[in-house]
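Please look over the chain shown below before turning to the briefing, which begins with one helix and then widens to the chain as a whole.

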Amino acid sequence: MKIIDKIALLLIVIGAINWGLIGLFNFNLVDTIFGTASLISKIIYVLVGISGLWGIKLLFDRD
C-alpha cells in the first residue's frame, strides 16, 4: 500500500469516527479541537472528502 493510500485511509477513518460521534452524541470532534467553521476545520473536511473519493479507487485496486 502506497503512503498516499495510507494517509487517505487514515483520513477516512477520522471522518468516520467524527460522523459516528455526531450521530451518537451530537458531538463534533473536529470542531471541538479546531473551532467551529475555522479555516483548519474546513481544510480537514476538504481533505477527508478528497480521501473519501480516493477510497473509491482503493476499492478497485488489484494490488
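**Helix H3 and its surroundings**

In this predicted model, the residues of helix H3 that count as buried are Ser41, Ile44, Val48, Ser51 and Gly55. An α-helix has 3.6 residues a turn, so residues three or four places apart point the same way. The cover over the buried residues of H3 includes helix H1, spanning residues 3-25, and helix H2, spanning residues 29-34.

**Helix geometry and fold**

- Helix H3 runs over residues 39-60, and its 22 residues reach 33 Å from the first C-alpha to the last, which is close to the 32 Å expected at 1.5 Å a residue.
- The chain contains 3 helices and 0 strands, and read along the sequence its pattern is α-α-α.

**Overall dimensions and packing**

- Taken along the principal axes, the C-alpha atoms of the chain fill a box of roughly 40 × 25 × 15 Å.
- Of the 63 residues in the chain, 22% are buried.
- Where contacts join residues at least 6 apart in sequence, 44% of them link residues at least 24 apart.

**Surface and charge**

- The accessible surface of the chain is about 4,900 Å², and carbon and sulfur atoms account for 75% of that surface.
- The chain carries 5 positive and 4 negative charges, and the mean positions of these two sets are 3 Å apart.

How values were computed: Residues are numbered from 1 along each chain as its sequence is written. This is a predicted model: local features need pLDDT of at least 70, side-chain atom pairs count only at pLDDT 80 or more; totals for chains, interfaces and linings use all residues. Side-chain values use heavy atoms; hydrogens and water are left out. Helices (H or I, at least four residues) and strands (E, at least two) are DSSP runs, numbered from the N terminus. The expected span of a helix is 1.5 Å times one less than its number of residues. Buried means under 20% relative accessible area, exposed over 50%, partly exposed in between (1.4 Å probe, protein chains only). Contact means heavy atoms within 4.5 Å. Accessible areas come from the Shrake-Rupley method with a 1.4 Å probe; for residues, only the protein chains shown count as cover. Lys and Arg count as positive and Asp and Glu as negative; His and the chain ends are not counted. The place of a charge is taken as NZ of Lys, CZ of Arg, CG of Asp or CD of Glu.
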